[in-house]
Each structure stands twice: as C-alpha cells, then as structure tokens.
Amino acid sequence: MSETLQFSQPLVLWALLAVPLFVWWRTRLLHRDAVPHAPLQLRPVPKRRLAPLARLAAEALVLALTLAALAGPHRSTELELMDGEGVDVLLVLDVSLSMLAEDFPPNRLEALRRIARDFIARSGPNRIGILVFAKDVFVQTPLTSDHRILRELLEGVSVDAIDQGKSGGTAVGDALLVAAERLAAVRIEGRGQALVLITDGESNMGFDPALAARYVAQKEVRLYSIGIGGEEPVEVFYQGEPVGDSDDPYFAYLDDTQLRAIAEAADGSYYRASDVDALEQVFAQLSRLESAPLEVRTLEIRSFLTSWLALAVLPLFAVCLVLGGAVLRRPLR
C-alpha cells in the first residue's frame with residue numbers, strides 16, 4: 001500500500017505564481033494615500049501598521065488556498081487486491097446408468113453428489129468446474145470461484161441430464177481428453193491444475209482411458225481418480241425397470257483395475273470411495289499443488305482535500321472583511 005499527494009488539475013498550480021504579483025500590487029495600494037485631507041472626519045483615526053499587513057497576508061492566503069482547491073488536491077492510496085491463492089479443479093462426474101446401482105444407498109449417483117458437495121464446500125479459493133459424461137461429454141459449468149452456483153448446478157447432475165438412449169454408456173477416455181483441454185485453455189501461470197474423476201470405472205466405449213491419461217500428464221494436469229462402488233456386482237434399475245434384457249440383466253461393478261491403470265498412466269492417484277478417508281487423501285494431495293492468485297488488481301482510493309481548504313478559506317475571508325470594513329475603514333470623501 002502506498003500513499004501520495006496528487007492533484008486532479010495540476011496545471012492550475014501555475015496560477016500560484018500570481019500570488020507574489022498580487023501581494024506587490026496590494027502593497028502599492030496600501031501605501032497610496034486615498035484622501036490627503038478628509039473633508040468629513042468625526043474623530044481622528046489612529047495610524048495602524050500591523051492591521052494592513054494582517055489583511056494583506058489574509059488576502060494572499062485566501063487567493064493561494066482558492067487556487068490550490070481548484071487544482072483538486074487529494075491523497076491517492078493504492079491497494080493491491082488479489083483473490084485467494086488456490087488451484088483449478090475440474091470434477092469429471094460419471095452419469096451413466098451404472099451409477100444408479102444401489103450398493104451405495106440410495107444409489108451411486110447420490111453418493112457421488114454427496115462427495116462432490118463436500119469437496120466444493122471445503123475447497124476454499126479454488127476454481128472448480130463440473131464436467132459430466134456417459135457416452136458423450138458435457139460441460140455442466142466452466143471453472144468458477146462461485147461455489148454457491150456450483151452447488152446449485154450440482155443438483156442438476158443426474159442420469160436424466162442426458163439422453164441415455166443416444167448417449168448411454170461410459171467413455172472415461174473421452175471425458176479425460178475434454179477435461180484436459182478445458183483446463184489447458186484457462187491455465188494461469190504458476191497455478192496448479194487437477195482433474196478429479198469420480199466413476200465406477202467401467203469404461204466400455206470411446207478413446208482408450210490409459211492413452212487419455214497420458215495426455216493429461218503431458219498437459220501437466222494432476223489426475224485423481226475416485227472409484228465408487230461396492231465389492232460385488234449390483235443389478236441396475238432405471239425408472240423401476242431393470243436395465244437390459246430380462247434374460248440378460250445388467251450388473252454394474254467397480255472396475256478397480258482400470259482406474260488404477262488410469263491413475264498410473266497419468267502419474268496420479270487412485271482412491272476408493274468406500275474408504276471414509278478417500279476424500280481426505282484427495283485434499284491432502286491437492287494441498288501440495290502449486291497455488292497462485294486467480295487475479296491481482298490495483299485499487300486506487302482518492303481522499304479529496306478540497307473541503308478542508310474551503311473550511312480554511314472561510315475564516316480567512318471573514319478576517320479580510322473585518323479588517324477592511326471595521327479596523328481599516330477609510331475616511332469618507
């Protein structure tokens with residue numbers, strides 16, 4: 001923070017050079033006898049020496065302060081404001097039908113939202129975005145530090161957010177590629193970036209997840225995979241009906257092997273959501289990322305001194321009137 005004295009109209013200050021000329025002109029007037037022999041004089045007026053000088057000084061000060069006030073003096077204080085330091089985190093959330101498995105009451109998707117809400121609530125100054133995927137990838141919200149909006153948009157994350165008939169399936173590799181590109185497009189120098197992938201790990205279409213994970217590492221983005229699902233395969237129901245044929249019902253299971261391979265390919269970390277400490281470990285890892293301010297701004301605060309100069313001029317002007325009208329009143333002609 002720095003504070004300096006500045007003027008809005010500094011060129012007006014050049015007019016202060018006229019103050020000495022004003023003093024010289026007024027001095028000549030004071031030494032000039034107005035009336036050598038006053039025709040009307042009720043009583044003799046004593047000769048005063050200090051009063052004329054006092055009035056001259058007051059007049060000069062009034063002129064100087066008025067010119068200074070017109071120049072717009074103010075104290076300028078510069079404050080450097082910066083948003084809290086943090087990292088950029090993109091939540092990559094699986095919304096395929098397998099996330100309706102009820103091994104996590106009431107289902108995996110609700111558990112996913114609960115983990116994501118907790119993550120957002122505890123993220124401090126981090127910028128967070130939400131990306132959802134099944135067969136196709138959709139940006140729910142770009143990176144933002146408005147966590148209230150994030151929590152509201154998170155409530156809209158469901159399997160019905162996409163057309164499961166056209167976009168059904170799970171394409172983890174495609175989601176990682178899109179997420180890495182999104183983060184690269186908004187990178188801030190010195191600010192760490194991370195992807196938090198939350199899925200049951202059952203990628204069955206799209207780009208190879210392991211190759212996509214290597215691409216994430218090339219973009220210098222840290223990858224944290226959270227596997228969500230129980231130990232045993234669970235039959236999936238959608239709108240009360242079993243998914244798949246009655247003769248061949250669909251069972252969802254957590255593919256730990258693939259998620260571990262993804263994390264290894266990206267030089268990242270894998271956690272299983274069934275572990276109550278999983279989210280704590282993710283936060284511990286994120287705290288080691290290099291953080292930087294989102295934005296640094298300079299705010300200028302101006303405190304104008306014009307009113308104080310006006311308050312100083314008023315009593316001086318009153319002194320000029322009193323001295324000129326009562327003490328130094330000239331005899332009548």
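Visitor: Which residue's side chain meets R108 in a salt bridge?
Guide: In this predicted model, R108 lies in helix 3. The partner lies in the loop between strand 7 and helix 7, so the pair ties together parts that are 92 residues apart in sequence. The N to O distance is 3.1 Å, and the partner is D200.

Visitor: Are R108 and D200 buried or exposed?
Guide: The cut-off for buried is under 20% relative accessible area. R108 falls in that class, and D200 does too. Both partners of this salt bridge are buried.

Visitor: How many salt bridges does the structure hold?
Guide: R108 with D200 is one of them. R127 with D88 is another. The total is 8.

Visitor: How far apart along the chain are R127 and D88?
Guide: Their side chains meet in a salt bridge at 2.8 Å, N to O. R127 sits in strand 5 and D88 in strand 4, so the residue numbering, not the strand labels, gives the spacing. The pair links distant parts of the chain, 39 residues apart.

Visitor: Which other residue forms a salt bridge with D88?
Guide: The closest N and O atoms of this pair are 2.8 Å apart. D88 lies in strand 4 and the partner in the loop between helix 6 (172-185) and strand 7, so parts 103 residues apart in sequence are tied together. The partner is R191.

Visitor: Why does R191 count as buried?
Guide: Buried means under 20% relative accessible area. R191 is below that cut-off, as is D88 at 0%. The relative accessible area of R191 is 3%.

Visitor: Which residues are joined into one network by salt bridges that share partners?
Guide: R127 bridges to D88. D88 also bridges to R191. The network is D88, R127 and R191.

Visitor: Why does the span of helix 3 agree with its number of residues?
Guide: Helix 3 covers residues 108-121, which makes 14 residues. At 1.5 Å a residue, the expected span is 20 Å. The end C-alpha atoms agree because they are apart by 20 Å.

Visitor: Which residue caps the N-terminal end of helix 3?
Guide: The cap uses a side-chain oxygen. That oxygen lies 3.1 Å from the backbone nitrogen of L109. The capping residue is N107.

Visitor: Which residues of helix 3 are buried?
Guide: An α-helix has 3.6 residues a turn, so residues three or four places apart point the same way. In helix 3, R114 is partly exposed at 44%. The buried residues are R108, L109, A111, L112, R113, I115, A116, F119 and I120.

Visitor: Which residues touch the most other members of the largest nonpolar core?
Guide: This core has 39 residues. Elements that give two or more residues to it include strand 4 (88-94), strand 5 (127-133) and strand 7 (193-199). Those with the most contacts to other members are L91, L93, I130, V157, I198 and I228.

Visitor: Which element gives the most to this core?
Guide: Helix 4 (147-154) and strand 8 (222-227) are among the elements that give two or more residues. The top contributor gives 7 residues. It is helix 3.

Visitor: What is the phi of E220?
Guide: Most residues other than glycine have a negative phi. E220 is not a glycine, yet its phi is positive. E220 is in the loop between helix 7 (209-218) and strand 8, and is exposed at 64% relative accessibility. Its phi is about 60°.

Visitor: Where does D267 lie?
Guide: D267 also has a positive phi, near 55°. D267 is exposed, with a relative accessible area of 61%. Its place is the loop between helix 8 (256-265) and strand 13 (269-272).

Visitor: Which residues form a nonpolar patch on the surface?
Guide: Together they have about 430 Å² of accessible area. One of them, L17, is in the loop between strand 1 (2-7) and helix 1 (18-30). L17 counts as exposed, at 57% relative accessibility. The patch is L11, W14 and L17.

Terms used
Residues numbered from 1 in each chain as written. Predicted model: local features only at pLDDT ≥ 70, side-chain atom pairs only at ≥ 80, totals over all residues. Heavy atoms only, no water. Helix = DSSP H or I, 4+ residues; strand = E, 2+ residues; numbered from the N terminus. Expected span 1.5 Å × (residues − 1). Buried < 20%, exposed > 50% of the residue type's maximum accessible area, 1.4 Å probe, protein only. Polar contact = N/O pair within 3.5 Å; in protein donor to acceptor, adjacent residues only side chain to side chain. Patch = residues over 30% accessible without salt bridge, like charges linked within 9 Å, V, L, I, M, F, W, Y side chains within 5 Å. Areas by Shrake-Rupley, 256 points an atom, 1.4 Å probe, with all protein chains shown as cover. Salt bridge = Lys/Arg side-chain N within 4 Å of Asp/Glu carboxyl O. Core = buried A, V, L, I, M, F, W, Y, C linked by side-chain atoms within 4.5 Å.
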